[in-house]
Amino acid sequence: MPEHLWRVISLQDHNTRVVIFGAAMLGLAAGLVGCFTLLRRRALVGDALAHAALPGIAIAFLWVTAMGGNGRSLPVLLAGATVSGMFGIASILIIRRGTRIKEDAALGIVLSVFFGLGLELLGIAQQMKNGNKAGLESFIYGKTASMVESDAWLIAIASLICVVVCVGLLKEFKLLCFDEAFAGSRGYPVVLLDAALMSVVVVITIIGLQAVGLVLVIALLVIPAASARFWTDRLVWMMVLSSAIGMLGCLVGAAASAMLPRLPSGAMIVLTTGVGFLISFLVGARRGLLIRMWRRRSLNASIDRQHLLRELYELFETDPNRLSVSWDELVQARSWSNKRLRKILEQASNDGWVSENITKMEFALTERGESEARRLTRRHRLWELYLIHHADIAPQRVDRDADAIEHVLEPETVAELESLLNAELGERRMPTDPHASSAEGVEA
Amino acid sequence: MIGLADSASFWTVEWNWALDGWIVAAGMLCAVASSLLGCFLVLRRMSLLGDAISHAVLPGLAAAFLISGSRSSGWMFLGAVIVGVLTALLSDWIHVRGEVDEGASMGVVFTTLFAAGLIMIVLAADRVDLDPGCVLYGAIESTPLDTWVVPIPILGPTDIPRVVVVLSIVTLINAAFVGLFFKELKMATFDAELATSSGFSAKAIHYVLMTLVAVTAVASFESVGNILVVAMLVVPAATAYLLTDRLGVMILLACVIGAASAWGGHVAAVEIPTWFGFRSTTTAGMMAVATGFAFTLAVVGSPRRGLIPQWIRKQWLRWTILTDDVLALLYRMEEKTLDERPIADAMAMQADLNAWMADVLLTNRFAIKSAVKYHAWRGRIETAQAESSTATAGTSGTGDRSKVLVPKLTGVGRSEAESLVRSHRLWEQYLVTQVDSEGSRIHQQAHQLEHFTDRQLQDQLDHQTDSPEKDPHGSPIPSANDQHP
């Protein structure tokens with residue numbers, strides 16, 4: 001086994017070299033193209049397309065065989081696949097534009113009907129004298145492992161063309177994906193660009209069809225791009241990452257199946273990229289699950305802390321003579337559970353905002369805490385004032401609305417609010433509590 | 001009978017109820033079971049769920065085999081359904097939690113699971129002879145071969161194909177679900193928030209629906225192949241969606257279309273290849289093609305939304321507007337020349353009347369010609385000789401114009417044209433006085449509205465604009481000539 005492993009890793013076998021090279025090129029191009037289809041929300045177009053290619057393959061085979069040619073020659077079959085794939089795309093566009101059927105149903109219709117027709121024709125091809133359909137079936141499951149040198153070159157060249165087209169039309173495609181209407185209004189030939197993008201998808205799908213098979217080529221178009229999305233918000237980085245993930249998945253998958261020849265290589269490739277997706281989904285730096293959970297937790301914690309400080313500040317404000325606040329008062333103040341309040345207070349005292357007297361369960365603000373609490377309270381009231389005066393929100397409701405947004409106010413926004421509300425504020429630095437002030441007004 | 005159609009003459013299908021009957025029954029049951037749920041999938045934009053599920057169940061089958069060690073269909077069914085539901089849940093979860101596009105999350109899940117399934121099958125290959133190809137094609141043709149004895153109340157124990165029994169049960173379950181929860185399903189589909197606020201969980205409905213789709217997909221693909229499930233889930237429902245706006249009708253139509261396609265598909269599969277000298281082909285594939293055929297028919301010819309009816313309606317509207325415009329134009333010319341010269345003379349002054357009218361109405365001469373002919377046929381326009389009128393007016397008549405025939409409004413035509421012009425000018429008046437439209441734009445707006453204004457609306461406009469004498473451009477508004485006291 002180690003000897004075999006070494007042979008694969010050092011690429012000593014010509015065949016292994018060919019397969020790995022071809023697969024890697026395909027993964028690279030598919031990853032790149034997949035970014036655009038993903039961003040255009042057409043991730044499963046490849047699925048419909050791959051299925052729609054089948055009748056073309058069968059017709060090409062039947063036709064050329066009936067004419068006396070070699071029906072199983074690859075260029076013929078790929079030409080048939082391309083033509084019928086284009087028909088499929090055209091049908092999807094017609095259904096989408098000409099009827100009220102939505103994209104997903106259009107894909108489903110084209111996918112199943114074309115594939116049904118394809119199976120039909122394959123069934124007929126099987127009945128022809130030299131029509132052993134074994135060669136054709138490789139399109140459904142793929143035959144990565146039996147890729148020969150000419151296939152690999154075909155894949156490499158086609159992939160390279162797709163990459164060149166995508167990179168060359170990067171700006172246009174970008175606009176098409178993010179703001180089609182804007183692109184149209186700027187005078188870009190949107191329909192033409194869309195057609196160009198779809199043609200690239202067709203090419204990738206067709207060559208992938210032959211390499212990894214019908215179901216699995218979809219994976220190469222979807223998974224790397226979806227994985228890359230977890231790592232970055234920038235298109236160019238996404239493209240680079242997606243290509244890298246696609247290429248890596250193909251390399252590792254093909255190598256793994258070369259080591260364990262019984263395992264189907266197409267499936268191994270997809271499984272490897274699937275693992276890549278899982279990792280990205282969990283730990284992706286930009287939108288991964290863990291980073292999101294961490295972000296949400298820290299936001300919640302900061303909101304809790306802000307609420308606590310504001311609560312304390314307001315309690316001291318209403319009664320300037322008091323020295324501390326008791327636990328019971330705090331528990332009643334907001335709908336905090338005992339456990340949660342305990343945690344919030346602990347954190348706040350660790351951070352030095354709050355000083356506590358454990359035995360008496362009494363709490364007070366430290367000097368630092370007080371200035372922070374004043375800042376927060378001021379921000380909250382500014383925002384409330386703004387909502388009351390400029391957004392016509394009733395004073396009774398304003399607290400909740402202010403709560404929803406105050407935690408994300410930037411310092412510049414606060415400054416702007418202040419200048420907006422100058423008339424109401426006068427020279428006071430701390431606006432009065434809109435709820436309390438009305439009550440005070442009654443008392444006075 | 002399947003496979004032996006060579007003795008049949010061109011159009012007669014050799015039909016054996018014991019074989020073809022059961023095959024068609026299986027196809028129809030699959031169609032009805034799928035269509036019942038498919039309508040909701042199409043409306044909820046989850047059409048590809050069936051495709052994803054039926055690809056992804058492969059590892060379920062393999063795992064069920066590896067765990068139970070048997071190929072009994074019960075275990076297989078359970079394994080496949082579990083993985084099917086898992087596919088739906090997982091892609092939902094990735095969609096929501098990872099903010100990944102719905103299609104993409106589905107694509108990620110089902111391709112990965114499919115790959116895993118392929119590998120599991122290969123790894124277990126020496127112990128299991130699962131053919132992944134069978135998942136794609138199904139084996140609807142062998143339906144009659146595998147039978148169960150089912151006790152039927154009146155007939156006693158009867159041999160019924162296993163597939164038919166299983167699909168009947170699934171169909172009944174789906175029908176019961178849709179029938180019992182129709183209101184809830186409807187609400188959850190069109191207004192999930194309303195559904196939740198009125199006391200039942202739209203989410204629960206969603207998950208039950210996904211589970212039933214998984215059950216249906218598994219039950220169907222086991223016997224008829226995955227491609228037929230996908231076709232039957234999506235295509236008949238989409239076809240019905242083009243034909244009606246009512247959910248109940250849509251479901252019924254989808255079932256009928258699906259069942260008809262199943263029957264037609266089988267007939268086609270048996271018959272069509274024989275025309276070219278082949279034996280019959282895959283029935284499941286042909287059934288899918290038949291649904292596609294039905295869909296195409298609906299796209300092209302659906303009475304309200306079909307491309308052809310829509311085109312015809314558009315052309316008819318264009319024609320009505322053109323003929324209206326011709327009438328109104330003649331009226332306006334008559335009006336302009338009323339005091340000085342008879343209309344026919346003024347028209348004759350135009351070197352080529354048709355071309356001039358075409359120019360004014362932004363169309364071509366041929367259209368004008370046909371419109372005039374149409375009006376002449378309906379008695380709205382008569383052709384008068386220009387020459388005679390020139391003579392009576394006393395202007396310099398020229399001999400070569402004596403043969404010029406020009407259109408002239410008849411009594412009926414005039415009153416109709418008057419009504420049109422009245423609509424137009426009332427609208428203009430209305431737009432200026434009530435809507436404050438810009439003076440330069442009112443003509444265009446009134447021009448659009450006049451064709452859709454009937455007598456009642458005219459009177460209303462008249463009333464609202466205080467029955468003016470003249471329109472904003474200063475032309476007189478014709479009075480309602482056929483007013484009865």
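**Exercise 1.** Find which element gives the largest share of the lining of the second largest pocket.

*Solution.* Start with the term: on a 1 Å grid over the protein atoms alone, a pocket is an open set of points where a 1.4 Å probe fits, with protein on both sides within 12 Å along at least five of seven lines, and lining residues have an atom within 4 Å of a point. Helices are DSSP runs (H or I, at least four residues), numbered from the N terminus. The largest share, 10 residues, comes from α4(A).

This is a predicted model: local features need pLDDT of at least 70, side-chain atom pairs count only at pLDDT 80 or more, and totals for chains, interfaces and linings use all residues. Residues are numbered from 1 along each chain as its sequence is written, chains are lettered from A and ligands numbered from 1 in the order written, and side-chain values use heavy atoms, without hydrogens and water.

**Exercise 2.** Sort the lining of the second largest pocket by class.

*Solution.* Ala, Val, Leu, Ile, Met, Phe, Trp, Tyr, Cys and Pro count as nonpolar, Asp, Glu, Lys and Arg as charged, and the others, Gly among them, as polar. The lining then has 22 nonpolar, six polar and no charged residues.

**Exercise 3.** Work out which side of α19(A) holds its buried residues.

*Solution.* Buried means under 20% relative accessible area, exposed over 50% (1.4 Å probe, protein chains only). In α19 (411-420) of chain A, the buried residues are A:Val414, A:Leu417 and A:Glu418. They lie on the same side of α19(A) because they cover an arc of only 100° around the axis, taken from the directions from the helix axis to the C-beta atoms. On the other side, A:Glu412 and A:Glu416 are exposed.

Notes:
Helices (H or I, at least four residues) and strands (E, at least two) are DSSP runs, numbered from the N terminus.
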